[in-house]
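This briefing goes through one protein structure, topic by topic. Please look at the sequence and the 3D view before reading on.

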Amino acid sequence: MWHLIQRITKNLIVAIPIMMAAGFAYGMSAPAAWLKSLILPFTFLMVYPMMVTLKIGKVLEGGDTRAQLITQFINFALVPFLAFGIGSLFFADRPYMALGLLLAGLVPTSGMTISWTGFAKGNMAAAVKMTVIGLVVGSLATPFYVKALMGASIEVNIMAVMKQIFFIVFLPMALGYATQRFLLRTYGQKEFQQRIAPRFPPMSTLGVLGIVFVALALKAKTIAAAPDMLLRILVPLVIIYALNFTLSTLVGKRFLPRGDAIAMVYGSVMRNLSIALAIAINAFGEKGSDAALVVAVAYIIQVQSAAWYVKFTSRLFGPATAEKA
């Protein structure tokens, strides 16, 4: 079972579309309303394992201040407004789908930020810091961005959103950190890093796939009635990711050394879609299923684009040995 979960985690490009198809098939053939009861446990399974391995102490380390400032400027001064603008253009008649684009642009970085930075031989210590800072700041800022940008077109209960973020992000973060400290005391740093910690992120994959399944099952009949909906969602997502990759690459090449630039690209383009998905489906009720559908489709674009970007990293930033030389 463990090897199967690891294999699924390494093949999200395939696993997520399969789970979307399975959710759609279930939603067309059976009652799906009861699946809402699974949202909370899937959400916890999605977020808690990531928090167990999060190195919060890395935030206090220095040495890459410029990269951190540029990353968070892109994350909070540019990308949310880009997502909002494109959402307003493509989903003028579907405000909750526009909300999905905005949520996908509001919570930056995930565990995959660190993984992809490592694959591309970038500065992983900088990527860890970007992940922690982006997660905390994004979670705190999201209710206010949503209220300010979407409050005129959808009903936003800012306290309800903040309450969901507490249960989705900060409670699992506290429990995850407590678990991490307990495991470190019990098994030591070496045993924890080599044997125990790698088992947690794949568990998060099961939560992601579960939420994707539920989101598609709940929207199956709506999609069947308007099959062009998925294409309508794909186009703005491709535009957002293409613009984000292009901007981050140009800024990284101009202002940062190779390792920091790669971390900055993945720290500003990779979004924490797991948390965005959980907020959409937990904080906005039935109407939030439109937003959840957009975020679920974003997984496909994000994983595919991140994998392809690794292949072009050396061409864009030079080989990894160049910086050392």
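In which sense, left-handed or right-handed, does helix 10 pass helix 13? The crossing is right-handed. The model is predicted, and the points below cover a helix pair, a cavity, a pocket and several single residues.

**Helix 10 and helix 13**

- Helix 10 covers residues 229-255 and helix 13 covers residues 288-317.
- The two helices pack at an angle of about 35°, and their axes are 10 Å apart.
- On the helix 10 side, the residues in the contact are Met229, Leu230, Ile233, Leu234, Leu237, Val238, Tyr241, Phe245, Thr249, Gly252 and Lys253.
- On the helix 13 side, they are Leu293, Val294, Val297, Ala298, Ile301, Gln302, Ser305, Ala306, Tyr309, Leu316 and Phe317.
- By class, this contact is made up of 17 nonpolar, four polar and one charged residues.
- Serine 305 belongs to helix 13, and its contacts beyond four places in sequence are Tyr241 and Phe245.
- Serine 305 counts as buried because its relative accessibility is 18%, and the cut-off for buried is under 20%.

**The cavity**

- How many cavities of 30 Å³ or more are there? The count is one.
- The largest cavity has a volume of about 80 Å³.
- Its lining consists of Val79, Ala83, Leu101, Ala104, Gly105, Leu237, Ile240, Tyr241, Asn244 and Arg271.
- Helix 4 (65-90), helix 5 (95-106) and helix 10 are the elements that each give two or more residues to this lining.
- Helix 10 has the largest share of the lining, with four residues.
- Sorted by class, the lining of the largest cavity has seven nonpolar, two polar and one charged residues.
- Tyr241 is one of the residues in this lining, and Tyr241 is also one of the helix 10 residues that meet helix 13.

**The second largest pocket**

- The second largest pocket holds about 170 Å³ of space.
- Its lining includes Thr53, Leu54, Lys55, Ile56 and Gly57.
- Further along the chain, Tyr177, Gln180, Arg181, Leu184, Gln189, Phe192 and Gln193 also line this pocket.
- Five of the lining residues are nonpolar, five are polar and two are charged.
- Leu54 is one of these lining residues, and Leu54 is also among the residues that threonine 131 touches.

**The loop between helix 6 and helix 7**

- Lysine 121 is in the loop between helix 6 (111-119) and helix 7 (124-150).
- Most residues other than glycine have a negative phi.
- Lysine 121 is not a glycine, yet its phi is positive, about 60°.
- Is lysine 121 buried or exposed? Lysine 121 counts as exposed because its relative accessibility is 57%, and the cut-off for exposed is over 50%.
- Asparagine 123 is in the loop between helix 6 and helix 7.
- Asparagine 123 has 24% relative accessibility and so counts as partly exposed.
- Leaving out residues up to four places away in sequence, asparagine 123 touches Asp64, Thr117, Gly259, Asp260 and Ala263.
- Asparagine 123 and aspartate 64 are 59 residues apart along the chain, and their C-alpha atoms are separated by 9.4 Å.

**Other residues in helices**

- Threonine 131 lies in helix 7, and it counts as buried because its relative accessibility is 4%.
- Apart from residues up to four places away in sequence, threonine 131 touches Leu54, Thr109, Ser110, Thr113 and Ile114.
- Isoleucine 223 is in helix 9 (residues 200-225), and with 5% relative accessibility it therefore counts as buried.
- Which residues does isoleucine 223 touch, not counting residues up to four places away in sequence? They are Phe24, Leu216, Met229, Leu230 and Leu293.
- Among these, Met229 and Leu230 are in the helix 10 side of the contact with helix 13, and Leu293 is in the helix 13 side.
- From C-alpha to C-alpha, isoleucine 223 is 9.9 Å from methionine 28, with their positions 195 residues apart in sequence.
- Alanine 174 is in helix 8 (residues 158-196), and at 45% relative accessibility it counts as partly exposed.
- Alanine 174 and tyrosine 48 are 126 residues apart along the chain, and their C-alpha atoms are 9.1 Å apart.

Key
Residues are numbered from 1 along each chain as its sequence is written. This is a predicted model: local features need pLDDT of at least 70, side-chain atom pairs count only at pLDDT 80 or more; totals for chains, interfaces and linings use all residues. Side-chain values use heavy atoms; hydrogens and water are left out. On a 1 Å grid over the protein atoms alone, a cavity is a set of points where a 1.4 Å probe fits but cannot get out, and a pocket is an open set with protein on both sides within 12 Å along at least five of seven lines; lining residues have an atom within 4 Å of a point. Grid points are joined across faces, edges and corners, and a volume is the space filled by probe spheres set on the points. Ala, Val, Leu, Ile, Met, Phe, Trp, Tyr, Cys and Pro count as nonpolar, Asp, Glu, Lys and Arg as charged, and the others, Gly among them, as polar. Axes are lines fitted to C-alpha atoms, for helices over the stretch in contact, and angles run from 0 to 180 degrees between N-to-C directions. A crossing is left-handed if the near helix is turned anticlockwise from the far one by less than a right angle, and right-handed if clockwise. Contact means heavy atoms within 4.5 Å. Buried means under 20% relative accessible area, exposed over 50%, partly exposed in between (1.4 Å probe, protein chains only).
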